[in-house]
Amino acid sequence: MRKKTVLAVMCVCAVLFSGCEKTPENVIVREKGKQSIQKYESGESAGGSLAEQLEAPQHYSNLVSYEIGDVQTEHVKLMDFDSVINIYEQMMEISNADLTEWEKIRTYHIRKITFGYTRIYNPEADSTSGILVPVWDFFGEFDSETDEETEKRSGEHSVRSMMTINAIDGSLIDRELGY
């Protein structure tokens, strides 16, 4: 039985590879293996180190790092998902109530809802510190129609959060402002 299976696999591979064409000479083909990695890291193949090829800065300092402080609240109770969805629906109506003045139609396409964390801070106190809070993010895009034009965006691969809801108290968080 094992010989038959091996023979069947070999036949399938032979059929698959028999239709393959030779890679054209003008296509970039990279070497593989240990020597290739060493050659790449040393910059031999392109004349100079990778940093030189990319014109990377010689010094980098991260000025946006944060100190990790104490946990402010442990075992916090999160809102149930149905409540979060209700808040989303209500706030989408409220936040888009004035759009009819200049847009005829706006249709939202929410393609992904994720649970995660975001940093919030108090703008009156200190913009360099903050706390991480659990949030629900609604990712997508929207179609809009005015008298002059129609713009359609499916939001299929969007990384734009249309709304961020605090998973503890249901408040909206503006990701651009940070609170």
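The legends below describe close-up views of a predicted model.

**View 1. Overall fold of the predicted protein chain.** The secondary structure consists of four helices and four strands. Read from the N terminus, the elements follow the order α-α-α-α-β-β-β-β. Of the 179 residues in the protein chain, 21% count as buried. The chain exposes about 14,900 Å², and carbon and sulfur atoms supply 54% of that area. Among contacts between residues at least 6 apart in sequence, 56% join residues at least 24 apart.

**View 2. Confidence along the chain, with helix H1 and strand E4 as the two extremes.** The average pLDDT of the protein chain is 75, and 60% of the residues score at least 70. Helix H1 (residues 2-18) has the lowest confidence, with a mean of 48, whereas E4 has the highest, at 93. Over residues 4-9 the pLDDT is below 50, and this stretch has zero contacts in the model beyond near neighbours in sequence. Residues 11-17 also stay under 50 in pLDDT, and for them the model has zero contacts beyond four places in sequence. Where pLDDT is low, the predicted coordinates should not be read in detail.

**View 3. Salt bridge between Arg 175 and Asp 137.** The closest N and O atoms of Arg 175 and Asp 137 are 2.5 Å apart. This pair links distant parts of the chain: Asp 137 belongs to strand E2, while Arg 175 is in the segment after strand E4 (161-166), 38 residues apart. Asp 137 is buried because its relative accessible area is 4%, under the 20% limit. Arg 175, at 41% relative accessibility, counts as partly exposed. The count of salt bridges in the model comes to two; the other view of such a pair follows.

**View 4. Salt bridge between Glu 141 and Arg 160.** In this pair the closest N and O atoms are 3.6 Å apart. Glu 141 lies in strand E2 and Arg 160 in the loop between strand E3 (150-151) and E4, so the salt bridge ties together parts that are 19 residues apart in sequence. Glu 141 has a relative accessibility of 14% and therefore counts as buried. Arg 160 is partly exposed, with a relative accessible area of 39%.

**View 5. Nonpolar surface patch that includes Leu 132.** Val 76, Leu 78, Phe 115, Tyr 117, Leu 132 and Ile 168 make a nonpolar patch of about 560 Å² on the surface. Leu 132 is placed in strand E2 (residues 131-145). Its relative accessibility is 63%, so Leu 132 counts as exposed. Two aromatic members of the patch, Phe 115 and Tyr 117, appear again in the next view.

**View 6. Aromatic pair of Phe 115 and Tyr 117, and the ring cluster around this pair.** The model has six aromatic pairs. Phe 115 and Tyr 117 form one that is edge-to-face, with 6.2 Å from centre to centre and 65 degrees between the planes. Phe 115 is partly exposed, with a relative accessible area of 38%, and Tyr 117 is exposed, at 55%. Ring pairs link Phe 115 and Tyr 117 with Phe 81 and Trp 136 into a cluster.

**View 7. Aromatic pair of Tyr 121 and Tyr 179.** The ring centres of Tyr 121 and Tyr 179 are 5.9 Å apart and their planes stand at 90 degrees, so the pair is edge-to-face. The pair links distant parts of the chain: Tyr 121 is in the loop between strand E1 (105-120) and E2, and Tyr 179 is in the segment after E4, 58 residues apart. Tyr 179 is partly exposed, with a relative accessible area of 40%.

**View 8. Backbone at His 75, a residue with positive phi.** Most residues other than glycine have a negative phi. His 75 is not a glycine, yet has a positive phi of about 55 degrees. His 75 is found in the loop between helix H3 (50-54) and helix H4 (81-95). With 78% relative accessibility, His 75 counts as exposed.

Definitions and conventions: Residues numbered from 1 in each chain as written. Predicted model: local features only at pLDDT ≥ 70, side-chain atom pairs only at ≥ 80, totals over all residues. Heavy atoms only, no water. Patch = residues over 30% accessible without salt bridge, like charges linked within 9 Å, V, L, I, M, F, W, Y side chains within 5 Å. Areas by Shrake-Rupley, 256 points an atom, 1.4 Å probe, with all protein chains shown as cover. Salt bridge = Lys/Arg side-chain N within 4 Å of Asp/Glu carboxyl O. Buried < 20%, exposed > 50% of the residue type's maximum accessible area, 1.4 Å probe, protein only. pLDDT = per-residue confidence, 0-100. Contact = heavy atoms within 4.5 Å. Phe/Tyr/Trp six-rings, centres within 6.5 Å; stacked < 30°, edge-to-face > 60°.
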